[in-house]
Amino acid sequence: MTRRFASFACEGATLCGTLDTADGTTGLLIVSGGNELRCGPWSSQSLLAERIAAAGFPVFRFDRRGVGDSDGPNGGFRASVPDIAAALNAFRAHVPTLKRVIAYGNCDGASALMLASGAGCDALVLSNPWTIEVAAGQDTPLPPPEVVRAHYLRRLKDPRALLRLLGGKVSLRQLFGSLQDAARPALPPSTLAQELAAGLGEFSGPATILLAGRDRTAQEFLANWDKSDARLRACPEASHSFVEPQARIWLQGQLLAVLRS
């Protein structure tokens, strides 16, 4: 495996990417979430790319416009479809033997791929898609009732949390307010969630949706999604970026399964 750096054009801007080479004809395109650099949080995407390439699959990751080493305006994930398309073209140009490209995105990187209906890729692996919106008149988004209920169910199973409650270290006013939120009826899917469903519905290839059990973003996505969707896969003890050792292994296994299919 060799790691190479590349630059490519996107609507007048110059984007920067990293290629981990391998002999396989199926490759992985990593789409970063938020304003994260292509190395990922705690270098997670760099490490993941190295391991996937060592298993025989080339990997390409990039900074979208206005992020990291790439110039141009940062329009957020909703404006990143041209960036993904340009990165896919660059990947194919640098690895002309590619026959299939699987795209992997976390958080709003996953959302961007869904809005773009796959952006020309052959298969999708979408983890913890971002569906959170701030309602009018709110400074922060109000979590769905089932997310609040799940939070307190975990707290009730935690002896330390019970000791804090019995010891008077928990605000009863805040607790009762949260319990009122938990008792609210389920909310309809967010507008963004509906857009994601529509975009993914236009994608003709296979898709896998990965959810980290301890991640609020994943919990909110599930609250806005069809829970019977056969494409859902969950890692119960994982946090948002799959930092836990077993979660890293699980994520790598899920990606390799799709790459080998």
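Biologist: Happy to look at this with you! Which residue of β5 does T26 stand opposite?

Modeller: This is a predicted model, and in it β3 and β5 run parallel, joined by 6 bridges. Looking across from T26, the residue standing opposite in β5 is R100.

Biologist: Thanks! On β5 again, which residue of β6 does G105 stand opposite?

Modeller: Strand β5 covers residues 100-106 and strand β6 covers residues 123-127. The two pair in the parallel sense over 5 bridges. Opposite G105, in β6, stands L126.

Biologist: Is β5 largely enclosed or not, and how many of its residues are buried?

Modeller: A residue counts as buried when its relative accessible area is under 20%. In β5 that applies to most of the strand, so β5 is largely enclosed by the rest of the structure, and the count of buried residues is 6 of the 7.

Biologist: Let's step back to the whole sheet. In what order do the strands lie?

Modeller: The sheet is open and its pairing is mixed. Strands β1 (3-10) and β8 (232-235) are the edge strands, each pairing on one side only. Neighbouring strands are turned by 20 degrees against each other on average, direction ignored. Read across the sheet, the order is β1-β2-β4-β3-β5-β6-β7-β8.

Biologist: Helices lie against those strands too. What angle does helix α9 make with β5?

Modeller: Helix α1 (residues 44-54) lies across β1, β2, β3, β4 and β5, and runs at about 165 degrees to β4. Helix α9 (residues 245-260) also packs on the sheet, touching β3, β5, β6, β7 and β8. The direction of α9 makes an angle with that of β5 of about 150 degrees.

Biologist: What is the handedness of the unit made by β5, helix α3 and β6?

Modeller: Helix α3 takes up residues 108-115, while β5 spans 100-106 and β6 spans 123-127. Together β5, α3 and β6 make a β-α-β unit, and its hand is right-handed.

Biologist: Now α3 and α7. Why are they described as oblique?

Modeller: Their axes are 7 Å apart, and the helices pack at an angle of about 55 degrees. Angles from 65 to 115 degrees count as roughly perpendicular and those under 35 as roughly parallel, with the oblique class holding the rest. The two helices are therefore, relative to each other, oblique.

Biologist: Which residues of α7 meet α3?

Modeller: Helix α7 is made up of residues 191-201. From the α3 side come S111, M114 and L115. The residues they meet in α7 are E195, L196, G199 and L200.

Biologist: L196 has caught my eye. Is it buried or exposed?

Modeller: L196 sits in helix α7. Leaving aside neighbours within four places in sequence, L196 is in contact with S111, M114, L115, P129, W130, T131 and W225. The relative accessible area of L196 is 0%, so this residue is buried.

Biologist: And how far is the C-alpha atom of L196 from that of T131?

Modeller: T131 is among the contacts of L196. Along the chain, the two residues are 65 residues apart. In space, their C-alpha atoms are separated by 8.2 Å.

Key. Residues are numbered from 1 along each chain as its sequence is written. This is a predicted model: local features need pLDDT of at least 70, side-chain atom pairs count only at pLDDT 80 or more; totals for chains, interfaces and linings use all residues. Side-chain values use heavy atoms; hydrogens and water are left out. Helices (H or I, at least four residues) and strands (E, at least two) are DSSP runs, numbered from the N terminus. Buried means under 20% relative accessible area, exposed over 50%, partly exposed in between (1.4 Å probe, protein chains only). Contact means heavy atoms within 4.5 Å. Two strands pair if DSSP finds at least two bridges between them. Axes are lines fitted to C-alpha atoms, for helices over the stretch in contact, and angles run from 0 to 180 degrees between N-to-C directions. A crossover is right-handed if, with the strands pointing away from the viewer, the path from the first strand over the helix to the second runs clockwise. Angles under 35 degrees count as roughly parallel, over 145 as roughly antiparallel, 65 to 115 as roughly perpendicular and the rest as oblique.
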